[in-house]
Amino acid sequence: MNCPSCGHENIDGVDRCDNCLASFRQLDIPSADAAEGLARSVMEDNLNRLDHDEAVFVAPDTPALEVARLMRARNTGCALVLDRGKLVGIFTEHDVLKKMAGGLSEPPAGGLSEPPAVAGDLSEPPALAGGPHWATSLVKDLMSRNPETLNEKDSVAEALNKMS
């Protein structure tokens with residue numbers, strides 16, 4: 001690595017120039033001025049600059065199956081749950097899967113078994129994983145409560161950091 005101050009050739013990874021002792025620490029920090037394209041956009045742009053789909057809003061007492069059908073129709077993976085205009089939760093595909101699997105954090109010992117044979121009327125989904133019938137649950141029983149939120153003036157970088 002050549003020192004930007006004196007031009008001396010240094011070994012990659014050193015913190016200071018061997019010749020003039022200039023610090024190299026600031027060279028590793030990304031800067032919006034040096035970035036181009038997507039990298040610059042992520043560091044500078046606010047969330048209000050992003051294209052977004054129309055959100056799905058539902059009340060807490062809406063049946064979860066109805067919300068899942070609405071999400072499928074709108075081709076989205078989540079619905080925002082509002083109570084008197086206040087965000088109280090988010091209902092996602094993951095919430096449905098957790099309920100269907102009975103809240104298991106790991107697959108059962110020995111792996112997954114064959115699905116049970118179902119006979120009779122298939123107009124109603126079978127009860128899964130014990131407990132109450134998942135398809136008759138209300139969205140408030142399955143949603144993730146008090147989701148973290150961002151402001152439209154927050155940066156894309158802040159959003160990515162919070163999601164990770």
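Which residue just after helix 2 takes a positive phi? Asn 75 does, at about 55°. The model is predicted. The report starts from helix 2 and works outward.

## Helix 2

Helix 2 has a buried side and an exposed one. Ala 64, Leu 65, Val 67 and Met 71 are buried. They lie on the same side of the helix, because they cover an arc of only 160° around its axis. Arg 69 and Ala 73 are exposed on the other side.

The buried residues of helix 2 pack against strand 1, strand 2, strand 3, helix 3 and helix 4. Helix 2 lies across strand 1, strand 2 and strand 3. Its direction makes an angle of about 75° with strand 3.

## Sheet

The sheet is open and has 4 strands, in the order 1-2-3-4. Pairing is mixed. Strand 1 (57-58) and strand 4 (144-145) are the edge strands, and each pairs on one side only.

Strand 3 and strand 4 run antiparallel and are joined by 2 bridges. Gly 89 stands opposite Arg 145 of strand 4. Helix 3, residues 93-100, lies across strand 3 and strand 4. Helix 3 runs at about 60° to strand 3.

## Nonpolar core

The largest nonpolar core holds 13 residues. Val 58, Val 67, Ala 79, Val 81, Phe 91 and Val 139 have the most contacts inside it. Four elements give two or more residues each: helix 2 (64-73), strand 2 (78-83), strand 3 (86-92) and helix 4 (139-142). Helix 2 gives the most, with 3 residues.

What does Val 139 touch, not counting residues up to four places away in sequence? Its partners include Val 58, Val 67, Val 81 and Phe 91. Val 139 also touches Ala 59, Pro 60, Thr 62, Pro 63 and Ala 64.

## Cysteines

How many disulfides does a search of the whole structure find? It finds 0. Cys 3 is in no disulfide, and the nearest cysteine sulfur is that of Cys 20, 3.7 Å away.

Why is Cys 20 not bonded to Cys 3? The 3.7 Å between the two sulfurs is too far for a bond, because a disulfide needs the sulfur atoms within 2.5 Å. Burial of the two cysteines can be read from accessibility. Cys 3 counts as buried, because its relative accessibility is 4%. Cys 20 is partly exposed, with a relative accessible area of 35%.

Technical notes: Residues numbered from 1 in each chain as written. Predicted model: local features only at pLDDT ≥ 70, side-chain atom pairs only at ≥ 80, totals over all residues. Heavy atoms only, no water. Core = buried A, V, L, I, M, F, W, Y, C linked by side-chain atoms within 4.5 Å. Buried < 20%, exposed > 50% of the residue type's maximum accessible area, 1.4 Å probe, protein only. Contact = heavy atoms within 4.5 Å. Pairing = 2+ DSSP bridges. Axes fitted to C-alpha atoms, helices over the stretch in contact; angles between N-to-C directions. Arc of directions from axis to C-beta.
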